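Q: I have a protein model open and I'd like to learn how to read its surroundings and hollows. Can you walk me through it?

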Amino acid sequence: MSDQLSIDISSLKGCIKSVDTILICEVLNEATYVNYHKKKIAFLFSAMRHFARELQENGYRVSYIKLEDNQNSGVLKNEITRALKQHKYDQIVVTHPGEYRVKEDIKSWATDFSISIEIRADDRFLCSTEEFLIWAKPKKHLRMEYFYREMRKKYSLLMEGNKPIGGQWNYDLKNRKPPKENLRIPEPYHNELDDITRDVISLVSERFLSHFGDLEPFYFGVTRQQAIDALNLFILQRLPNFGDYQDAMIEGEPWMYHSHISCYLNCGLLLPLECVKAAEQAYQLGKAPLNAVEGFIRQIIGWREYVRGVYWLNMPEYANKNFFETKHNLPEFYWTADTEMNCLRQCVLETKKNAYAHHIQRLMVLGNFALIAGLDTAQVNEWFLIVYVDAYEWVELPNVSGMILFADGGYLASKPYAASGSYINKMSDYCKNCIYKVSKKNGEDACPFNYLYWDFLVRNRDKLESNHRIGMMYKIYERMGEDKKKAIADDSKHFLKSIYD
Ligand code: FAD
Ligand code: DLZ
Ligand code: SF4
């Protein structure tokens with residue numbers, strides 16, 4: 001599978017190179033069950049083809065099915081049927097897939113094919129699903145911070161005995177510097193195209209023309225070595241500033257000081273432990289400060305493992321959660337960027353161009369708007385799954401339904417990440433190029449985030465007033481005059497009508 005491109009993957013353990021066959025299939029169904037961004041398909045197909053070559057060079061027998069092969073049925077299960085007809089196999093060995101739907105499919109193979117299927121744990125993750133279950137099961141609400149501390153101890157990362165280095169577990173308060181002018185942001189990793197990638201690009205441009213997103217320029221690494229090069233470049237050039245500007249957004253600077261390694265981690269070209277160890281080593285050598293290194297390590301051993309645990313513990317029910325019972329269609333501008341709201345325009349444009357947006361763009365601009373505008377949970381999830389090169393349901397769904405939409409009612413996050421325009425203005429320079437005025441709370445030219453924030457709270461009062469982290473906002477609302485409250489309601493109604501229709 002396209003997210004299992006690791007030579008040390010559990011399904012290859014004990015593989016007898018002269019006897020066993022490794023089946024890798026490019027299948028239309030997986031690229032179109034949602035219409036993935038063109039860059040994502042090209043990235044995965046190219047990485048799969050390179051991985052197959054690497055396996056062959058290492059003496060493995062690989063059966064590689066290309067998308068354009070005549071016999072390719074376009075469906076994973078049918079390709080297994082075809083393979084079983086061509087050769088007599090005793091057993092199928094797979095590593096636990098990243099999506100519930102695929103796991104269900106695999107489970108059906110045993111009965112349908114009358115063959116033994118062994119599904120092995122995906123031990124590339126640092127916390128097994130069983131271990132997460134033991135930690136989470138007794139808890140009604142989960143908190144990432146406590147999970148993260150357990151992981152720090154388990155892997156002895158940034159630890160002095162039983163205590164965190166520096167005396168604190170978390171340096172997030174230091175990691176909120178607004179952008180300042182004249183920051184020198186390094187060029188991101190840029191890979192030269194080879195023949196395999198060029199072939200894949202022309203295939204994707206022919207077969208997936210109607211999909212969202214720009215196919216070129218294409219710069220992702222597509223081999224393990226290239227992914228390691230991208231990681232090393234991050235550690236050297238960006239990690240020192242990663243913490244300070246983790247939440248900052250600058251127009252025209254999509255990459256900031258982030259690592260851009262999620263696509264490599266999620267498809268298996270990089271492994272989480274090697275990434276965090278590289279960052280820890282940079283700290284030990286005095287090449288990156290503690291707040292940056294701790295923040296980076298937390299994202300990987302904390303958030304990444306945590307959302308995966310939440311996903312497997314709660315599927316399939318989690319996919320249907322819709323706490324606020326939202327139902328409004330995703331506005332067209334999520335695809336076209338045709339909106340006067342500059343923050344949203346910039347984030348959609350960058351997403352279209354790069355199949356990437358950094359965390360705060362996803363959370364506080366694209367996600368925040370979806371939350372306060374009451375957009376349909378399923379449509380928002382589908383959008384996030386389509387547009388990002390690193391998106392797989394195990395990581396996309398908890399981030400979208402749990403973190404931004406609060407669709408699970410507060411199981412994953414303690415409060416909805418709703419914010420008015422002043423947060424975006426503080427953490428970005430988007431507002432200075434916007435026709436809306438972030439300082440205005442109401443009226444035609446007021447920033448829509450300002451009134452929608454309050455309107456969201458009012459619309460969901462029965463569900464949020466008792467929340468200890470956001471409930472006090474209702475006291476502030478109550479102190480507003482009736483005229484002000486009416487203006488919030490009228491502006492929101494008018495604005496929402498314009499985007500819902
Ligand atoms: P960095 O900022 O450099 O962080 C380092 C690494 O930490 C990332 O590569 C990633 O592996 C991990 N990480 C950081 N935050 C998270 C998180 N919240 N959940 C899981 N891993 C995390 N991440 C995905 O990998 N796939 C997704 O489909 C995805 N969808 C998201 C949707 C929303 C609405 C939000 C708010 C976040 C989503 N994230 C997703 C998390 C995060 O935004 C991306 O991992 C990050 O932006 C990737 O860029 P980077 O590699 O430069 O990350
Ligand atoms: C996302 C994706 C795409 C675009 N293409 C393929 C493919 O051709 N073959 C494949 O095996 N997997 C693909 N994937 C990944 C799957 O959709 C799915 O996310 C994983 O199988 C989950 O483990
Ligand atoms: Fe976004 Fe409002 Fe700022 Fe415009 S004024 S960029 S809509 S936050």
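A: Sure, and here is a starting rule: a residue is near a molecule or strand if one of its heavy atoms lies within 4 Å of it. Keep in mind that this is a predicted model, where local features need pLDDT of at least 70, side-chain atom pairs count only at pLDDT 80 or more, and totals for chains, interfaces and linings use all residues. Residues are numbered from 1 along each chain as its sequence is written, chains are lettered from A and ligands numbered from 1 in the order in which they are written, and side-chain values use heavy atoms, with hydrogens and water left out.

Q: Which residues are around ligand 3?

A: They are Met-341, Cys-343, Gly-421, Ile-424, Tyr-430, Cys-431, Cys-434, Tyr-436, Val-438 and Cys-447.

Q: How does that shell divide by class?

A: Ala, Val, Leu, Ile, Met, Phe, Trp, Tyr, Cys and Pro count as nonpolar, Asp, Glu, Lys and Arg as charged, and the others, Gly among them, as polar. Around ligand 3, that gives nine nonpolar, one polar and no charged residues.

Q: Which residues come nearest to ligand 1?

A: Of 29 residues around ligand 1, the nearest are His-258, Ser-259, His-260, Asn-266 and Tyr-356. The shell has 16 nonpolar, nine polar and four charged residues.

Q: What polar contacts does ligand 1 have?

A: A polar contact is a pair of N or O atoms within 3.5 Å; within protein, one must be able to donate a hydrogen and the other to accept it, and residues adjacent in sequence count only if both atoms are side-chain atoms. Here, oxygen atoms of ligand 1 lie 2.7 Å from a polar side-chain atom of His-258, 2.8 Å from a side-chain N or O atom of Asn-266 and 2.9 Å from a polar side-chain atom of His-359.

Q: Why does ligand 1 lie between two domains?

A: Domain bounds come from an automatic or database domain assignment. Domain 2 (129-193 + 224-314) and domain 3 (333-498) both give residues to the shell, so ligand 1 lies between them.

Q: Where do helices come in?

A: Helices (H or I, at least four residues) are DSSP runs, numbered from the N terminus. H10 (262-267), H12 (290-314), H15 (359-372) and H17 (393-404) each supply at least two residues of the shell around ligand 1.
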